[in-house]
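Q: Could you take me through a structure, showing how to read its charged pairs, its pockets and its enclosed spaces?

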Amino acid sequence: MNYIPISSKDKKEMFESIGVKDTEELLSLQIPEVLRAKKLNLPGSMSEQQLLSLFKGYAQKNKSDLVCFRGAGVYDHFVPSIVDEIVGRSEFWTAYTPYQAEASQGTLQAIFEYQSIICQLTGLDCSNASMYDGATAVAEAVILAIRTTRKNKVIVSKALNPEYISVMETYIKNLNTEIIKVDIDDKTGSISKDTLNNIIDENVAAVVIQNPNFFGNIEDMQALSEITKSKKALFISVVNLVSLGLLATPAEYGADIAVGEGQVFGNQMYMGGSTFGFMAVTKALEWKMPGRIVGQTVDKDGKRGFVLTLQSREQHIRREKATSNICTNAALNSFAACVYAAYLGAAGIKELAEANISKARYAFDEIKNIKGFTPLFKDGVFFNEFVFKTDKDIKKINEELLKENILGPLSLSQICSLNGGYDNCLMFSVTEKRTKQEIDKLAEILSRV
């Protein structure tokens with residue numbers, strides 16, 4: 001079998017057509033040299049059996065059974081067996097994009113039920129069939145706000161996940177929009193209403209606030225939303241679905257759009273992906289929402305049925321009228337969330353949120369008593385993540401933890417370079433999966449490093 005799709009002659013003709021001499025010159029147009037590999041150290045051709053053995057060897061180098069105290073956007077939650085059992089059924093596992101409603105009623109109903117659950121969790125009126133992930137959901141929400149308000153400023157909290165900010169900046173790079181990043185309070189790790197009030201004006205399209213924020217702290221969403229609405233801007237709430245078991249819903253504090261990363265509901269960590277993003281909006285914005293929406297209807301005999309109701313992508317309408325270029329939905333991942341939420345129910349989701357808070361608080365109190373560890377945000381109220389500043393060697397801490405089969409906290413200097421000020425800071429994540437014995441062992445290793 002020939003694995004090379006095009007010949008050298010084909011490549012040469014293509015390069016001549018676009019006016020470059022080789023692959024290196026083509027890559028140099030967009031990708032900085034520092035990010036380009038000088039040489040790929042690849043083996044020669046192999047048989048299928050040899051190739052499978054090679055890949056299995058690579059896979060065995062991955063550690064998949066670590067006790068995880070790291071979050072920052074993807075979290076180690078327990079996934080009940082029923083989720084994989086139902087999602088793994090062939091009707092869902094192999095289902096194709098449901099363009100033909102008459103042949104796809106099961107898939108369409110699954111999406112409809114997922115949308116209903118997202119609306120129940122957020123309190124908002126309409127959900128789409130899902131987004132690619134949390135980062136792109138945030139970016140699409142910002143574009144929706146810019147298009148709706150026709151204003152050219154977006155206010156973003158510096159406590160929004162830095163990766164979300166980066167993706168958002170890429171999405172709106174050519175939209176002539178100014179992004180204003182708001183500092184957080186040093187003591188609470190969240191935005192004060194006075195800070196937002198002093199920076200917002202009538203030209204702001206949207207204010208984007210994550211709650212709990214990237215550092216795990218809970219924001220005063222009610223106050224921030226009221227300030228946003230006073231300037232006729234849209235309030236975009238980036239939320240953790242698990243936290244909604246206890247915290248106020250986006251609808252309760254007047255959010256126009258709720259978005260976020262859905263991995264926390266029924267999806268494994270999958271080494272960072274693939275997952276799904278979610279988006280819910282008020283009724284006033286439903287016609288402007290990206291992606292697709294499944295609606296419920298009746299057929300000519302009055303029997304219930306499901307159809308793709310709204311599809312704003314360029315494949316279905318004139319390209320210049322398209323509201324987004326998102327081409328699909330993450331159906332299998334979002335269906336896993338649907339099964340997970342239905343299995344837990346409202347009471348179960350509340351208990352899940354309580355377990356996250358109580359276990360995180362226990363870990364926080366244990367680490368606070370260790371010499372060399374100081375809470376970064378002394379007055380912060382957190383959900384299941386928190387930050388400590390340390391005078392110990394962070395690299396050595398995580399090396400020692402890894403020896404004990406523990407994936408330790410995230411060094412914030414790795415991911416918060418855009419914000420600065422987070423050297424020697426560690427962010428811990430504690431979910432319902434962590435036991436007292438695991439937390440005690442973490443504290444014991446931290447105390448002796």
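What follows is a dialogue on the salt bridges, pockets and cavities of this model, which is predicted.

Q: How many salt bridges does the model have?

A: The general idea is that side chains of opposite charge can pair when their charged atoms come close. In this predicted model, the count by the distance rule comes to 19 salt bridges.

Q: Which side chain does Arg36 meet in a salt bridge, and which parts of the chain does the pair link?

A: Arg36 pairs with Glu24, with 2.9 Å from N to O. The two residues are 12 apart and link distant parts of the chain, since Glu24 belongs to helix α2, whereas Arg36 sits in the loop between α2 (23-28) and α3 (48-59).

Q: Are Arg36 and Glu24 buried or exposed?

A: Such a reading rests on relative accessible area, where under 20% is buried and over 50% is exposed. Arg36 has 14% and therefore counts as buried, while Glu24, at 43%, is partly exposed.

Q: What partners does Arg434 have among the acidic side chains?

A: Arg434 forms a salt bridge with Asp76, in which the closest N and O atoms are 2.9 Å apart. These two residues are 358 apart in sequence, and because Arg434 lies in the loop between β15 (425-429) and α14 (436-448) while Asp76 lies in the loop between β1 (67-68) and α4 (81-87), the pair ties those parts together. Arg434 also forms a salt bridge with Glu438, again with the closest N and O atoms 2.9 Å apart.

Q: Which residues are linked in the network of salt bridges around Arg434, and how should I read the accessibility of Arg434, Asp76 and Glu438?

A: The network links Asp76, Lys433, Arg434 and Glu438. Arg434 is buried at 3% relative accessibility, and Asp76 is buried as well, with a relative accessible area of 8%. Glu438, at 21%, counts as partly exposed, and this label follows because the limit for buried is under 20%.

Q: Where does His77 lie, and what does its side chain contact?

A: His77 lies in the loop between β1 and α4, and it is buried, with a relative accessible area of 3%. The side chain of His77 makes a polar contact of 2.7 Å with the side chain of Glu432.

Q: Turning to open spaces, what is the volume of the largest pocket, and which residues lie nearest its centre?

A: A pocket can be read through its volume, its lining and its place in the chain. The largest pocket holds about 890 Å³ of space and is lined by 32 residues, with Val74, Met269, Tyr270, Met271 and Gly272 nearest its centre. Helices α7 (134-149) and α8 (162-171) are the elements that give two or more residues to this lining, and α8 gives the largest share, three residues.

Q: What classes of residue make up that lining, and why does the largest pocket lie between domain 1 and domain 2?

A: The lining has 13 nonpolar, 11 polar and eight charged residues. The pocket lies between the domains because domain 1 (67-78 + 347-448) and domain 2 (81-339) both give residues to the lining.

Q: How is the second largest pocket lined, by number and by class?

A: This second largest pocket holds about 260 Å³ of space, and of its 11 lining residues, Pro43, Gly44, Ser45, Met46 and Leu51 lie nearest its centre. Its lining has eight nonpolar residues, three polar ones and no charged residues.

Q: How many cavities of 30 Å³ or more are there, and what lines the largest cavity?

A: The idea to keep in mind is that a probe fits in a cavity but cannot get out. The count comes to three cavities of 30 Å³ or more, and the largest has a volume of about 200 Å³. Gly73, Tyr75, Gln210, Pro212 and Asn240 are the closest to its centre among 18 lining residues, and strands β6 (234-239) and β7 (257-261) are the elements that give two or more residues to the lining. By class, the lining of the largest cavity divides into eight nonpolar, eight polar and two charged residues. Domain 1 and domain 2 both contribute to that lining, so the largest cavity lies between them.

Q: What lines the second largest cavity?

A: The second largest cavity, with a volume of about 50 Å³, is lined by Phe215, Asn217, Phe364, Phe377, Gly380, Phe382, Phe386 and Val387. These divide into six nonpolar and two polar residues, with no charged ones.

Methods: Residues are numbered from 1 along each chain as its sequence is written. This is a predicted model: local features need pLDDT of at least 70, side-chain atom pairs count only at pLDDT 80 or more; totals for chains, interfaces and linings use all residues. Side-chain values use heavy atoms; hydrogens and water are left out. A salt bridge is a side-chain nitrogen of Lys or Arg within 4 Å of a carboxyl oxygen of Asp or Glu. Helices (H or I, at least four residues) and strands (E, at least two) are DSSP runs, numbered from the N terminus. Buried means under 20% relative accessible area, exposed over 50%, partly exposed in between (1.4 Å probe, protein chains only). On a 1 Å grid over the protein atoms alone, a cavity is a set of points where a 1.4 Å probe fits but cannot get out, and a pocket is an open set with protein on both sides within 12 Å along at least five of seven lines; lining residues have an atom within 4 Å of a point. Grid points are joined across faces, edges and corners, and a volume is the space filled by probe spheres set on the points. Ala, Val, Leu, Ile, Met, Phe, Trp, Tyr, Cys and Pro count as nonpolar, Asp, Glu, Lys and Arg as charged, and the others, Gly among them, as polar. Domain bounds come from an automatic or database domain assignment. A polar contact is a pair of N or O atoms within 3.5 Å; within protein, one must be able to donate a hydrogen and the other to accept it, and residues adjacent in sequence count only if both atoms are side-chain atoms.
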